[in-house]
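Biologist: Hello! I am new to this structure, and I would like a close look at one part of it: the salt bridges. Please start with a single pair and follow the trail from there.

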Amino acid sequence: MAVGVEEEVKSLVNFLGLPAYKVTTHGDLKVPQLQTSNGRTLMGLATISKFLAKSSASNGAKLLGTSPEEHAEIAQWLEYRVTVVDRSVEKKDVQAMLKELNSYLLDKVYFLGFHLSLADLVIYHGLHPVMCQLNFYEKQQYQNVSRWFDQVQHYPGVQQHLPKVVFVRNSLYTSFDH
Amino acid sequence: MAATVSINPATPPIGVLLAVEHLKDSVPVQVQEGKNTGLKVNGDVTFTTVPSICRYLARLAPGKQLYGSNSLEATEVDHWLEFSAGRLGCPADFGDAVQYLNQVLGPRTFLIGHAATLADFAVWGALRSNNLWLNQLDRGKAPPHVTRWFRFLEEQPEFKAVAMALPAKPESSRSETRK
Amino acid sequence: MKLLTDSGNQHALKAVIAANITGTELQIEEVDQASCSGQLPILELPSGKALFSANLTCRYLLGNKDADDFQVDEWLEWESSQLQPFLAPYLVTCIGQGKKDSALLAAVVPLLEHLDKALKDRQYIVGSSVTSADVVVWSALFPLYGDSSKLADELTRYSGIVDWFQNLSTHEAFKSAIATVTKGKGVSACKAGSTSSELS
Amino acid sequence: NTIQKQFPSEPFRFLEPSLRLEFPEAVAMLREAGVEIGDEDDLSTPDEKLLGKLVKAKYDTDFFILDKFPLAVRPFYT
Amino acid sequence: ASGTAAGATCGQAQLEGPVRDIVINTNPSSPPLSLFILYELLKQQFRCFGSVHVHSSVENVPEGLCKCLGNGIRSDLRNRTDFQLAITLIWKDVKPSPQMMMSAAYQTPIHGESNVARYLGRILQPSYDSLDPVTATEIDTWVDMASTQVLLGNNKERAASLRSLNSRLGKHDWLVGSGLTLADIVMWSALHQTGQAAGVPANVKRWMVACNGQPAFQSALKLTQS
């Protein structure tokens, strides 16, 4: 599932308006590795994403939350990305994950509630291949995930190299269908 | 020349205030207190309803796309302007109107497209000044998609700015109820 | 604050140790995993929201006592995304059910080696005091290293880990957390816990 | 011509006279919903199902006639 | 291409390609007369295909209503896709009536005769919406009045509207500007549908006669007489 992780880091770098970094992947798990300007090496997507957001004076602070509680929530979703999203390969795992996220997102526009954070960006990238595979019935079934995903991909600067996933904005299927 | 909107502070036209706030960098508009809501355009023409004033202001700044980005979206805006002034304001229809809104908002973050339009301003404004709604929201009885949409907009800069200038909500509806 | 957890859940150690270090009052409520929507333990925050990640709960509770360092981030990510996927099946099968499975052990070995190397001549994983990296990794390894009288040979050879683990075990915050979470039963309480929760 | 029939669980809804759509219109409806399909491509089963749902949403009918397939798609029907 | 682009059907150039089918569901108990007037005007600018259906939710629709949209079909056009614009009128048990659908995937169904008229008025060239902001908004204000005060209003609101109309038409021939606009069409339709066409004050009467003389009003006028 870690295919494209270099592109993902690059698009985050672009989104944050940062200079280019060297990104490689490491080992069988393709754990991303990033070289910082002072020669340090950082391992792991969650760690790297947080580092990049922190390095961006303009956008970073908003993306990392403003209270200890928000920091923890964001970090928890970064962890969710690497422990759950990236490890849900089989159909039943994917469905369980989408079901969980769908109920979480019922009362939220973004993962933290009402403003975009690093959690949205990192989970958007992680879920992109999953959302591409869903048919229209499934997109409606996971309506809250779909609505969140569509909102994030339309957020200025987020989409970058990823193809847009199409969502219809009406309920086409009644509960009797399928 | 700046346009002047007069408003009665006892019954502020929230949709208009939101449009004014949203457009303040491109359309200079002064807000003054008066007996009735109105925007005088010239000697002959004064617009006095929320939909008309909103439409006029949005048309002064087409680049801001408050009227949507194409003919169909513009007509959807009209649909919601009429809804906000009509069904939503009628106590007998209120329950059905909110259910309808809930169903529409399930797959949507904004009523139209991916940014706020006059439709959001007008419908939000109509709900914000409706005690039936504030009461539902306060007791956690409001349907989930409308609740999410309402609270999300409440957090946006123009809504925050306008909310500061409004009469307070009834005391009980200010404490957030969380589950 | 309230921590929801089930019986003998080793991950609850992460939260309880952190609360002990900072003197945070933590009300522990035992619930059934089946009745919960997320993976236990879950911390209920003052705002009404919840944290379902034990690692981030630990970090949140440690607050200012934790080091805000990317090395700590790395270790937490390592623990959750690299160590757990291999350690958990090993714990369930080899420790919980007492079966021999050399493949599962072999998968854990490189991870232990990585940790052991990082701990050579060090008292703590990062810096010069306890951070959430120590608490989280220590809690993860508790079922393996928690009973020093019965350490298997394949584990004792990581002397860096053994020394570090035993040093931390003498800290009051860790000692009392073990007592709280295992209700005084020690490692054996986690066996039952790991078989039930990790398989779900 | 082929006749598209859907299987509703609610009372059957239909138009009198029946709705007739032409193949390019069907393709346009599917494209608008984001389905990638060529002018001369045949409709796959999932495409046909989705088309049925789009037609139901727009016209509120469970029954419609799809007309004027391109020759490349249905040579037998001409 | 994003789905909403299909909604951007303004101007002849953009109307090429597969037929744009505007579906209008409406209740046979109150035919939206403005629709038939606008359809006549659209036919002058676009190759239009009108079709009328009866939905299974209603019965016994009068024959006049089932034949109400003339196609103006040219003999050289045989396929629907030869047309630029289709209007599919469906007599149906809908409330509120009428309702309009263009894009099944993206839009919320448009409710109300006034808003359906606005959409058609945006397709007509020049679109009323492209006029200067004051004129466009004046038109919308009269359209709003036709809808909320006349069509849906009570007797008091209707009487007040007639007074405003009469006063306006005492000084001007048309409701907005110096010629027929969407405002006249929708107001005329509302007065007829609410049975007020007969007893209007003098200035309104003169304006109604002027409307009745417009070629585009003939088919709608015929429906009011059947």
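Modeller: Gladly! Let us start in chain C, where Asp66(C) and Arg59(C) form a salt bridge whose closest N and O atoms are 2.9 Å apart. The term stands for a side-chain nitrogen of Lys or Arg within 4 Å of a carboxyl oxygen of Asp or Glu. Before going on, please keep in mind that this is a predicted model, in which local features need pLDDT of at least 70 and side-chain atom pairs count only at pLDDT 80 or more, while totals for chains, interfaces and linings use all residues; pLDDT is the predictor's confidence in each residue, from 0 to 100. Residues are numbered from 1 along each chain as its sequence is written, chains are lettered from A and ligands numbered from 1 in the order in which they are written, and side-chain values use heavy atoms, leaving out hydrogens and water.

Both Asp66(C) and Arg59(C) are buried, a word for under 20% relative accessible area (exposed is over 50%, partly exposed in between; 1.4 Å probe, protein chains only). Arg59(C) has a relative accessibility of 13%. Arg59(C) also forms a salt bridge with Asp73(C), with 2.3 Å between the closest N and O atoms. Because Arg59(C) sits in helix H2 (residues 54-62) of chain C and Asp73(C) in helix H3 (residues 70-96) of chain C, this pair ties together parts that are 14 residues apart in sequence. Helices (H or I, at least four residues) and strands (E, at least two) are DSSP runs, numbered from the N terminus. Asp73(C) is buried too, at 8% relative accessibility.

Chain D offers another pair: the side chains of Arg20(D) and Asp67(D) meet in a salt bridge at 2.5 Å, N to O. Arg20(D) belongs to strand S3 (residues 19-22) of chain D and Asp67(D) to strand S4 (residues 63-67) of chain D, so parts 47 residues apart in sequence are tied together. Here Arg20(D) is partly exposed, at 39% relative accessible area, whereas Asp67(D) is buried, at 6%.

Salt bridges can also share partners, and one such network joins Arg55(B), Arg59(B), Asp78(B), Arg118(E), Arg122(E), Asp129(E), Asp140(E) and Asp144(E). One link across the two chains is that of Arg118(E) with Asp78(B), the closest N and O atoms being 3.9 Å apart. Six salt bridges are found across the interface of chain E and chain B, along with 14 residue pairs in polar contact, both residues at pLDDT 80 or more. A polar contact is a pair of N or O atoms within 3.5 Å; within protein, one must be able to donate a hydrogen and the other to accept it, and residues adjacent in sequence count only if both atoms are side-chain atoms. On the side of chain E that touches chain B, the elements giving two or more residues are strand S5 (110-111), H3 and helix H4 (133-151) of chain E. H4(E) gives the most, with nine residues. Helix H3 (residues 113-123) of chain E has 11 of its 11 residues buried, including Arg118(E) and Arg122(E).

Chain A and chain B, by comparison, have zero salt bridges between them. Over all chains, the count comes to 34 salt bridges.
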